[in-house]
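Biologist: I should be grateful for a close look at a single part of this model, the surroundings of the ligand. Please then follow the connections from there into the rest of the chain.

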Amino acid sequence: MLRIEQLRKSFGSTEVLRGIDLVVEPGQVVCLIGASGSGKSTLLRCIDLLETVDDGTVWLADDAGSEQDVTDPRVDVDAIRRRIGIVFQAYNLFPHLSVLQNLVLAPTRAGGVSKGDARTRALALLDRVGLADKASAYPDSLSGGQQQRVALARALAMDPEVLLLDEITSALDPLLVGEVLDVVRGLRADGIAVVMATHEMSFAREASDVVAFLADGEIVEIGPPEQLFDAPQDPRTAAFLARFRA
Ligand code: ADP
Ligand code: MG
């Protein structure tokens, strides 16, 4: 679905991604873990073309299996972004629009979907994230967990093939983290490839197919969660994980 090869990105003279290789299969959940500043957000932003990359390629496969280099300057950025959803730590819902309007906006404006169809799909997605009764509510009347579930539903409303999640639970009251992670867990059945930067180690262990540990702009170690958490091969991985076991 997604194949990243030797991705490099610098800000000024600081190289923050130093040759990232990563393959994500359809339906896989890949968690990116690592200290603050290790490059997780920059990697996600490069995949969604919110940052220009300095070197390397990001291949995105279509249904027929043919791959497109999304970093090619001739690429249609809007067309690529329609295939990739992204949700950030801050909810970023449009405050002046109702929950339903938040979900209908992009599919009707950018996705070429009729208002009626977008509405039907939006209501189904709200049901799925447990917020069917909040369709006409405004974002500021919702809890953080509810807002983040709306943000997930809004990303899904564009029917993305890849979903990028950047610390979507970091700003939440611990009591509300679970309800958001439950929605992510449910995505596995859809065949959407999910790449998620997270500090929720128990979630990464139990719900991901692959965990990648980043340090200083490199993937130091990558593998199935059992391997990474129970038998880390690199001392830097072990040291990072030890901080969560205290
Ligand atoms: P993480 O998400 O793992 O915390 P980031 O990708 O946000 O890491 O940041 C990686 C490094 O890149 C950090 O040193 C950060 O300060 C730097 N960085 C991120 N965005 C910018 C930017 N727009 N300009 C300059 N430096 C940046
Ligand atoms: Mg980050």
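Modeller: In this predicted model, the element that gives the most to the shell around ligand 1 is helix α1, residues 40-47, with three residues. The full set of residues around ligand 1 consists of Phe 11, Val 16, Ala 35, Ser 36, Gly 37, Ser 38, Gly 39, Lys 40, Ser 41 and Thr 42. Sorted by class, this shell holds three nonpolar, six polar and one charged residues.

Polar contacts can be named individually. An N or O atom in the side chain of Lys 40 lies 2.8 Å from an oxygen atom of ligand 1. From the backbone, a polar atom of Gly 39 is 3.0 Å from a ligand 1 oxygen, and a polar backbone atom of Ser 38 is 3.2 Å from an oxygen of ligand 1. On its own, ligand 1 has 560 Å² of accessible area, of which the protein covers 57%.

Thr 42 leads from the ligand into the protein. This residue is part of helix α1 and is among those around ligand 1. Thr 42 counts as buried because its relative accessibility is 13%, and buried means under 20%. Leaving aside residues up to four places away in sequence, Thr 42 touches Lys 9, Phe 11, Val 16 and Leu 17. Phe 11 and Val 16 also belong to the shell around ligand 1.

The nonpolar cores come next. In soluble globular proteins, nonpolar side chains tend to be buried together. The largest nonpolar core here has 51 residues, and the members that touch the most other members are Ile 33, Leu 152, Leu 163, Leu 165, Val 194 and Met 196. Helix α5 supplies the largest share of this core, six residues. A second, separate core has 31 residues, including Val 16, Ile 47, Leu 49 and Ala 212. Val 16 thus appears both in this second core and around ligand 1.

Within the largest core, Leu 165 may serve as an example. Not counting residues up to four places away in sequence, Leu 165 touches Leu 44, Val 87, Leu 152, Val 184, Val 194, Val 195, Met 196 and Ala 197. Leu 152, Val 194 and Met 196 are, with Leu 165 itself, among the core members that touch the most others.

Strand β6, residues 84-87, contains Gly 85. Gly 85 has a relative accessible area of 7% and is therefore buried. Apart from residues up to four places away in sequence, it touches Pro 160, Val 162, Leu 163 and Leu 164. The C-alpha atoms of Gly 85 and Leu 152 are 8.9 Å from one another, although the two residues are 67 places apart along the chain.

Helix α5 also carries Gln 148. With a relative accessibility of 0%, Gln 148 counts as buried. Its contacts, not counting residues up to four places away in sequence, are Val 87, Phe 88, Gln 89, Tyr 91, Ile 168 and Val 180. Val 87 is touched by Leu 165 as well.

Helix α5 (144-156), together with α4 (115-128), is also where the buried residues of α3 pack. In helix α3, residues 99-109, the buried positions are Val 99, Leu 100, Asn 102, Leu 103, Val 104 and Pro 107. Ala 135, in the loop between α4 and α5, is buried because its relative accessible area is 13%. Residues up to four places away in sequence aside, Ala 135 touches Ser 98, Val 99, Leu 100, Leu 123 and Leu 126. Its C-alpha atom is separated by 9.3 Å from that of Leu 103, which is 32 residues away along the chain.

Two residues remain to be mentioned for their backbone angles. Most residues other than glycine have a negative phi. Gln 6, which is not a glycine, has a positive phi of about 50 degrees. This residue is in strand β1, residues 2-11, and is partly exposed at 39% relative accessibility. Asp 216, likewise not a glycine, also has a positive phi of about 50 degrees. Asp 216 sits in the loop between β9 (210-215) and β10 (218-223), and its relative accessible area of 55% makes it exposed.

Key
Residues are numbered from 1 along each chain as its sequence is written. Chains are lettered from A and ligands numbered from 1 in the order in which they are written. This is a predicted model: local features need pLDDT of at least 70, side-chain atom pairs count only at pLDDT 80 or more; totals for chains, interfaces and linings use all residues. Side-chain values use heavy atoms; hydrogens and water are left out. A residue is near a molecule or strand if one of its heavy atoms lies within 4 Å of it. A polar contact is a pair of N or O atoms within 3.5 Å; within protein, one must be able to donate a hydrogen and the other to accept it, and residues adjacent in sequence count only if both atoms are side-chain atoms. Accessible areas come from the Shrake-Rupley method with a 1.4 Å probe; for residues, only the protein chains shown count as cover. Helices (H or I, at least four residues) and strands (E, at least two) are DSSP runs, numbered from the N terminus. Ala, Val, Leu, Ile, Met, Phe, Trp, Tyr, Cys and Pro count as nonpolar, Asp, Glu, Lys and Arg as charged, and the others, Gly among them, as polar. Buried means under 20% relative accessible area, exposed over 50%, partly exposed in between (1.4 Å probe, protein chains only). Contact means heavy atoms within 4.5 Å. A nonpolar core is a set of buried Ala, Val, Leu, Ile, Met, Phe, Trp, Tyr and Cys residues joined through side-chain atoms within 4.5 Å.
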